[in-house]
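Colleague: Could you take me through one part of this model slowly? I'd like a close look at the place where the two chains meet.

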Number of protein chains: 2
Amino acid sequence: MPRLSTEKRKEQIAIAILEIIGNEGLENLSMPALAKRLDIVPSALYRHFSSKEEMISAGLDLLKLKIMDVFDRHEADSDDALEPLKRFLDLHRQFFHITTVFPRIAFSLADNETFDLRRQRMQKFHDSVLGRISATLEKGRRNGQLRKNLDTSAAALSFWGILVSSTLRWFITGGDFDVEAYKKEAWDMFVRAVSK
Amino acid sequence: MPRLSTEKRKEQIAIAILEIIGNEGLENLSMPALAKRLDIVPSALYRHFSSKEEMISAGLDLLKLKIMDVFDRHEADSDDALEPLKRFLDLHRQFFHITTVFPRIAFSLADNETFDLRRQRMQKFHDSVLGRISATLEKGRRNGQLRKNLDTSAAALSFWGILVSSTLRWFITGGDFDVEAYKKEAWDMFVRAVSK
DNA sequence: ACCTGAACACCGTTCAAGT
DNA sequence: ACCTGAACACCGTTCAAGT
């Protein structure tokens, strides 16, 4: 009944996709469930996207925007190269339910042609995030704050791993896990590992 | 046509479940696909298990056995507390396709009653593995090899995170990622982070 | 005791028809 | 231009019937 413009619907769909995947997982993302949330009928979704896959892609694009925005808003402004990473880790709480979407989709990838589009989009996304983290670390490596022989891209993946492993544990314990306390310890370990 | 005993079928099903989830993901695990692999009809599966969920559980039980076996066979025998962990990391290659199953299932969990059984089984599994890693680290902490103030359970999760983040990157790049090189760097960082 | 085949509810997608 | 409703192939599961 609502009859919205394609533009608005597409955005609505992308938002709803992220919410459903974040809270209930890919397995529970069904066209009927998605349509119900927008108060339309499942087949109406196909007016705006050609497939479920395309809708997931739209969700990923939105997610990337959101995460990059966090980086942009908290650009390095001090001499400390680790400062922006620390801040990103702290902010993680705010977009935790969003972060869960990323590994959920990544770990559903198969070595299969059907998933190749999804995989490529994930890779671009991941490359952007890791690139951002690497760049920050590289700065610290050059100004002597971090080890000269530090492999900054490996370190960037390790840093991202803090978020992934805390999310994994959070899922497995059904929420009964002190994510903030773990991140604090993991951050201390990370600093020790990369510092001079 | 084959007509095997329930005992043998159950084992066959558990093995096939791990193979399918590991290679093609949970999304591609269908009863028709599973049945075809065993050369029976989908409904025949329900003679041996009451649901798809139960079949996944059986797969998880088998996976736990396999991973614990690796720990058992490479029990600490030197004074170096990090030695068994290093060896586990090296062996990871051998059971890589198995390891992928764990995060795949973990990141499909939802905050949903239907998934509670799966979640609990994952948690027991994860607790066992982390417990094993923690115990090793604890030994090193007591004999003075590692930092006195090391939070061994956080460190154990970080260690497990090396496997998870390398698997994540492997998936995202479609296999175009040097897992062994990354693990080497990540291990160096880990040693630096936990050592005295 | 194990397996097959028909049946049912559900999901992704298409298409003709409504406003 | 956007949405609905019927239709189809596919999946998880049940159940009666086969050997």
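**Where chain A meets chain B**

Modeller: Sure, and keep in mind that this is a predicted model. Let's start with the polar side of things: between chain A and chain B there are 14 residue pairs in polar contact, counting pairs with both residues at pLDDT 80 or more. On chain A, the elements that each put two or more residues on the side touching chain B are α1 (6–24), α6 (101–106), α7 (116–142), α8 (152–172) and α9 (179–194). The top contributor there is α8(A), with 13 residues. Sort that side of chain A by class and you get 25 nonpolar, 12 polar and 12 charged residues.

Now for the charges. The two chains share 4 salt bridges. One to find on your screen is between the side chains of R169(A) and D127(B), at 2.8 Å from N to O.

Next, zoom out to the whole interface. In total, 49 residues of chain A are in contact with 49 residues of chain B. Together the chains bury about 4200 Å² between them, and carbon and sulfur atoms give 63% of that. Have a look at F107(A), I172(A) and M189(A) too: they supply 19% of the area that chain A buries against chain B, more than any other three residues.

While you have chain B in view, try helix α4 (residues 83–91) as well. Its buried residues are P84(B), L85(B), F88(B), L89(B) and L91(B). Looking down the axis of α4(B), you'd see these buried residues fall within an arc of 165 degrees, so they line one face of the helix. They pack against α3 (52–73), α7 (116–142), α8 (152–172) and α9 (179–194) of chain B.

Conventions
Residues numbered from 1 in each chain as written. Chains lettered and ligands numbered in written order. Predicted model: local features only at pLDDT ≥ 70, side-chain atom pairs only at ≥ 80, totals over all residues. Heavy atoms only, no water. Buried < 20%, exposed > 50% of the residue type's maximum accessible area, 1.4 Å probe, protein only. Helix = DSSP H or I, 4+ residues; strand = E, 2+ residues; numbered from the N terminus. Arc of directions from axis to C-beta. Contact = heavy atoms within 4.5 Å. Buried area = accessible area lost by both parts, 1.4 Å probe. Polar contact = N/O pair within 3.5 Å; in protein donor to acceptor, adjacent residues only side chain to side chain. Nonpolar A, V, L, I, M, F, W, Y, C, P; charged D, E, K, R; others polar.
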